[in-house]
Amino acid sequence: MDIHEYQAKSILAGYGVPVPRGGLAYSPEQAAYRARDIGGNRWVVKAQVHTGGRGKAGGVKLCNTEDEVLEAADEMFGKRLVTNQTGPDGKIVYRVYVEGGVAIEREIYLAFVLDRKAERIMVVASAAGGMEIEEIAEKEPDSIIRNIVEPAVGIRDFQAREIAFGLGIDAGQISQAVETIKGCYRAFRDLDATMVEINPLVLTSDGGMVALDAKMTFDDNALFRHPDISELRDKSQEDARESKAADRGLNYVGLDGEIGCIVNGAGLAMATMDMIELSGGKPANFLDIGGGATPERVAKAFRLVMADENVGVILVNIFAGINRCDWVAKGIVQALQNNPVGVPVIVRLAGTNVEEGRKILVESGLPVVRAATLGEAAERAVGAWQAGTQDTAKVVAE
Ligand code: GDP
Ligand code: MN
């Protein structure tokens with residue numbers, strides 16, 4: 001789960017990371033009011049959307065008067081901000097954050113990520129901040145510092161100092177940098193984050209240090225341990241299909257092919273997609289119904305998969321260990337009887353109660369194509385899709 005910049009800053013501030021003074025606004029007037037409250041004569045108005053690259057897309061505006069703050073905010077509200085990270089649909093701005101302007105001396109990149117290969121948290125830092133890490137990797141690859149944290153001891157002072165020295169931070173600011181690095185690490189660990197990114201971490205002209213931008217991502221599977229973090233979720237920033245599925249306890253991934261896949265388990269989902277590709281087709285999405293799927297859940301899964309208008313065929317592939325094939329079959333029947341999908345449905349069931357499951361499908365009289373193996377299921381699904389497109393082609397030709 002992603003959160004907004006202002007939320008990440010508030011969390012990190014609680015861990016000793018220095019952040020500028022700021023206030024959230026839901027209207028241009030409120031933004032101007034925030035500016036007055038912050039004081040000074042220079043402010044930054046920042047669109048709160050779940051994406052980076054806002055600066056280049058008009059989502060970060062420097063202002064010198066309260067009127068300019070109001071105008072900048074007015075310009076942003078309701079706008080669909082399209083950045084190099086959002087895709088063409090962009091993200092709509094419903095909140096802006098107003099901050100006191102900072103006199104930037106130097107911009108540093110500092111991030112904490114999960115290094116799956118090392119199975120450790122890794123610090124990634126670069127003195128060439130301000131640009132995105134992909135750009136740094138391309139233009140200044142040698143500037144990137146990577147440092148792995150031993151989980152048993154956490155990040156040590158000497159380690160944080162080593163990173164700070166590597167970034168060319170002056171002796172006078174080292175202790176501040178150490179506190180910032182350690183604070184980010186503690187926030188990452190305590191809150192089950194998968195990423196903390198401060199870009200830029202700024203050295204100011206008066207010798208201070210401040211996190212000018214902040215981004216945090218959390219492990220969805222650990223959110224149950226952090227109700228206060230779960231509350232920060234902003235659905236207006238998520239893919240509607242994926243958040244709808246998540247609300248129903250289903251894992252949905254949207255893709256761009258034509259075959260909708262309902263499976264249980266991530267491994268089986270991968271195998272199913274490979275088999276579809278091998279048979280000459282392309283998956284439109286996959287929906288993992290997980291273990292212990294009740295008929296209601298299966299019916300919901302059908303509705304979600306069919307909500308994608310590119311779906312021309314549905315392939316259900318269940319290997320029931322914890323699941324039960326008869327439940328899944330009941331769900332399929334329930335779903336298709338209540339909402340006929342109008343596309344071919346191919347079903348492969350294996351595992352617990354498979355005979356009962358097959359019986360339910362046969363007795364339902366529904367035009368469901370059954371398959372015994374995964375290979376057969378994929379071939380039939382692709383075959384049905386090709387036949388469907390040929391039919392359409394024929395109609396068009398006639
Ligand atoms: P992003 O583009 O979404 O990553 O948004 P950032 O918060 O990183 O802002 C983009 C850029 O705007 C930063 O790299 C800074 O160069 C600039 N910026 C943001 N806040 C300030 C500020 O208070 N003062 C100055 N001078 N520049 C700022
Ligand atoms: Mn940034």
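**Figure 1. Helix 6 and its buried residues.** In this predicted model, helix 6 has a long list of buried residues: Ile174, Ala177, Val178, Thr180, Ile181, Lys182, Gly183, Cys184, Tyr185, Ala187 and Phe188. The helix is built from 17 residues, and from its first C-alpha to its last it reaches 24 Å. That is close to the 24 Å expected at 1.5 Å a residue. After the helix comes Asp192, and its phi is positive, near 55°.

**Figure 2. Helix 5 meets helix 6.** Here we look at residues 157-166 (helix 5) against residues 174-190 (helix 6). How do their axes cross? They come within 9 Å of each other and cross at roughly 115°, and the crossing is right-handed. On the helix 5 side, the contact is made by Asp157, Ala160, Arg161, Ile163, Ala164 and Phe165. Helix 6 brings Ile174, Ala177, Val178, Ile181 and Lys182 to the contact. Sorted by class, that gives eight nonpolar residues, three charged ones and no polar ones. All five of the helix 6 residues named here, Ile174, Ala177, Val178, Ile181 and Lys182, also count as buried.

**Figure 3. Gly168, in the loop between the two helices.** Follow the chain from helix 5 to helix 6 and you'll find Gly168 in the loop between them. Is Gly168 buried or partly exposed? With a relative accessible area of 42%, Gly168 is partly exposed. Now pick out Val311, 143 residues away along the chain. The C-alpha atoms of Gly168 and Val311 are separated by 54 Å. For scale, the C-alpha trace of the protein chain spans about 80 × 50 × 40 Å along its principal axes.

**Figure 4. The manganese ion and its two protein partners.** Which residues coordinate the manganese ion (ligand 2)? Asn199 does so through O and Asp213 through OD, at 2.2 Å. Asn199 belongs to strand 10 (residues 193-204), while Asp213 sits in the loop between strand 11 (209-211) and strand 12 (215-218), so the pair ties together parts that are 14 residues apart in sequence. Asn199 is buried, at a relative accessible area of 11%.

**Figure 5. A cis peptide bond in strand 10.** Stay with Asn199 and move on to Pro200: the peptide bond joining these two is cis, with omega about 5°. Most peptide bonds are trans. Pro200, like Asn199, has its place in strand 10.

**Figure 6. Thr217 and its surroundings.** Strand 12 is where Thr217 is found. Thr217 is buried because its relative accessible area is 16%, and the cut-off for buried is under 20%. What does Thr217 touch, not counting residues up to four places away in sequence? Its contacts are Met1, Asp2, Ala193, Thr194 and Met195.

**Figure 7. Ser143, a buried loop residue.** Ser143 has its place in the loop between helix 4 (133-139) and strand 9 (144-149). Although it's in a loop, Ser143 counts as buried, at 18% relative accessibility. Setting aside neighbours within four places in sequence, Ser143 is in contact with Ala125, Ser126, Ala127, Ala128 and Ile136.

**Figure 8. Two loop residues with positive phi.** Most residues other than glycine have a negative phi. Glu119 has a positive value, near 55°, and Asn353 has one of about 60°. Glu119 lies in the loop between strand 7 (104-115) and strand 8 (120-126). For Asn353, look in the loop between strand 17 (345-351) and helix 12 (354-364). Are they buried or exposed? Glu119 is exposed, with a relative accessible area of 64%, whereas Asn353 counts as partly exposed at 25%.

**Figure 9. Helix 10, end to end.** Helix 10 covers residues 295-306. Its 12 residues should span 16 Å at 1.5 Å a residue, and the end C-alpha atoms are 17 Å apart, which agrees. The buried residues here are Pro295, Val298, Ala299, Ala301, Phe302, Leu304 and Val305.

**Figure 10. Stepping back to the protein chain.** The close-ups above come from a chain with 13 helices and 18 strands. Of its 398 residues, 49% count as buried. Take the contacts with a separation of 6 or more: residues 24 or more positions apart account for 68% of them.

Terms used: Residues are numbered from 1 along each chain as its sequence is written. Chains are lettered from A and ligands numbered from 1 in the order in which they are written. This is a predicted model: local features need pLDDT of at least 70, side-chain atom pairs count only at pLDDT 80 or more; totals for chains, interfaces and linings use all residues. Side-chain values use heavy atoms; hydrogens and water are left out. Donors are N, O and S atoms within 2.8 Å of the metal (3.2 Å for Na, K and Ca); water is not among the atoms, so sites may look incomplete. Helices (H or I, at least four residues) and strands (E, at least two) are DSSP runs, numbered from the N terminus. Buried means under 20% relative accessible area, exposed over 50%, partly exposed in between (1.4 Å probe, protein chains only). Axes are lines fitted to C-alpha atoms, for helices over the stretch in contact, and angles run from 0 to 180 degrees between N-to-C directions. A crossing is left-handed if the near helix is turned anticlockwise from the far one by less than a right angle, and right-handed if clockwise. Contact means heavy atoms within 4.5 Å. Ala, Val, Leu, Ile, Met, Phe, Trp, Tyr, Cys and Pro count as nonpolar, Asp, Glu, Lys and Arg as charged, and the others, Gly among them, as polar. The expected span of a helix is 1.5 Å times one less than its number of residues.
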